[in-house]
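Student: I would like to work through salt bridges and sheets on an example. Can we take them one at a time?

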Amino acid sequence: MISILYITRMNFFSKRAHVYTTANTCAAISKVGGVSLTLVSTDDSLKGEKERSAFFAAQGINEPFPIVSLSSAANRYKDSENVWLIRLSVLLSNFSLVREVWARRRAFDVLYARDHQLLLPIAFAKFALRKRVLFESHFILAKRGSQFAVELVARMADGIVAITQNLQAYYSRFTPRTIVSYCAASEPQRFSSISESVSELRKALDLPQEAIIICYTGNMAYTGTGHSYGIEDIIRSLPLLPEKFVFVGVGRKENERLLPEQIAYDLGVENRALFRGWVTRDEVTRHIVAADILVVPASGAQPGNSPTKMFEYLAAGKLIVAANTEAIAEVLRDGENALMVDYKNPQAWADAFGKIVNDAGLSGKLAEHARADSQFYSWEKRGETIVGFISDTIHE
């Protein structure tokens, strides 16, 4: 039996994508035979059974795994807007997790983390307790000091799980043992469970019945590394298209001011650019099924920007138009399961939208291949890949 301790500072009820991907990665690993996993967070919001049940339900997890929700002084400052209090919270989180790692020293074999700011517990597990350390890499940071911390963790790690091939190539210089495991979320069952017709869904969701709906689900402002998601040039493509084309963005944060929305007003297409707030995962699924075209913007166009949404879009078997970045092109293939475009060019987006709805043969091929390719990107496969990698690392 391999025992894994997954450490994190994540806020369990945050609406950010990393909560969903972390929880489902842990669930997938836990389902693999011969493995036990415990998730430990310095967030104390899962103290009660009611809160735990609500968390698992929100993440679509039917088979719960053990979670330790720590009471920590770090929680007092985690939501502060003061940069020094945020740094204090990070430091206190490190001490809390060092204490928990020590307390559980006989109960785990491998420490797993994706947060480079948890330097103290990672180093403590590695050098004081002689445990194996696995680091999951999601980015190359622009700030030199922050990236130095990432690379320091990478040097300590016994293995690195990279979410793109570019990240694997970059971090292999620090340890020869690296793999690529896409942060996948294809979940075809989410779409097969929808019984309503497109017309019924549009009526229920207050979407225009006769429109050609271009849909995007997720954050619409900035990525975790501070880059634009790239919705702007999709909005700029609307004046270049017939009026029946309508953009629907789902995932606006409360009181969030969006540049794409301002661009729509400036271009006079505000009636064709609908921005919806955060909704439940079931409602996201319904919006996807109700759409004609699903878009994957550049999401910052950095080496680790492999959008989770493109995996669920594949499972939906819908038409996909995507930014032609290196990370996205590892999964989506132009003319096979999606159309790829020069994402900084509004005319390129408009041309792709027009082409994909006017060529029935191409549309059928893209949708069929998208659905077929989704089988390669399941949480189950991710869990099996990571556990196999951990096993090899332990027994090398």
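Student: Is R382 buried or exposed?

Tutor: This is a predicted model, and everything below is read from it. R382 has a relative accessibility of 2%, and because the cut-off for buried is under 20%, R382 counts as buried.

Student: Which residue does the side chain of R382 meet in a salt bridge?

Tutor: Side chains of opposite charge can pair when their charged atoms come close. Here the partner of R382 is E136, with N to O at 3.2 Å. R382 belongs to helix 16 (residues 379-395) and E136 to strand 5 (residues 132-137), so the salt bridge ties together parts 246 residues apart in sequence. E136 is buried too, its relative accessible area being 2%.

Student: How many salt bridges are there by this rule?

Tutor: The count comes to 13. Among them is the pair R286 and E196, whose closest N and O atoms are 2.5 Å apart. That pair links distant parts of the chain, 90 residues apart: R286 sits in helix 11 (residues 281-290), and E196 in the loop between helix 7 (189-192) and helix 8 (198-205). R286 is buried at 16%, whereas E196 is partly exposed at 29%.

Student: What does R202 pair with?

Tutor: The side chain of R202 meets D292 in a salt bridge, at 2.7 Å from N to O. R202 lies in helix 8 and D292 in the loop between helix 11 and strand 11 (293-296), 90 residues apart. R202 is buried, with 3% relative accessibility; D292 is partly exposed, with 29%.

Student: Which residues are joined into one network by salt bridges that share partners?

Tutor: K126, R132 and D158.

Student: Now the sheet. In what order do the six strands lie?

Tutor: Strands of a sheet pair through backbone hydrogen bonds, either parallel or antiparallel. In this open sheet the order is 10-9-8-11-12-13, and the pairing is parallel. Strand 10 (273-277) and strand 13 (339-341) each have a single partner strand, so one side of each has no neighbour in the sheet. From one strand to the next, the twist averages 25°.

Student: How many bridges join strand 11 to strand 12?

Tutor: Four, between strand 11 and the parallel strand 12 (residues 319-323). One bridge partner to look up is V321 in strand 12, which pairs with V295.

Student: Which helix packs on the sheet?

Tutor: Helix 11 does, touching strand 8 (212-217), strand 9 (245-252), strand 10 and strand 11. The direction of helix 11 makes about 150° with that of strand 8.

Conventions: Residues are numbered from 1 along each chain as its sequence is written. This is a predicted model: local features need pLDDT of at least 70, side-chain atom pairs count only at pLDDT 80 or more; totals for chains, interfaces and linings use all residues. Side-chain values use heavy atoms; hydrogens and water are left out. A salt bridge is a side-chain nitrogen of Lys or Arg within 4 Å of a carboxyl oxygen of Asp or Glu. Helices (H or I, at least four residues) and strands (E, at least two) are DSSP runs, numbered from the N terminus. Buried means under 20% relative accessible area, exposed over 50%, partly exposed in between (1.4 Å probe, protein chains only). Two strands pair if DSSP finds at least two bridges between them. Axes are lines fitted to C-alpha atoms, for helices over the stretch in contact, and angles run from 0 to 180 degrees between N-to-C directions. Contact means heavy atoms within 4.5 Å.
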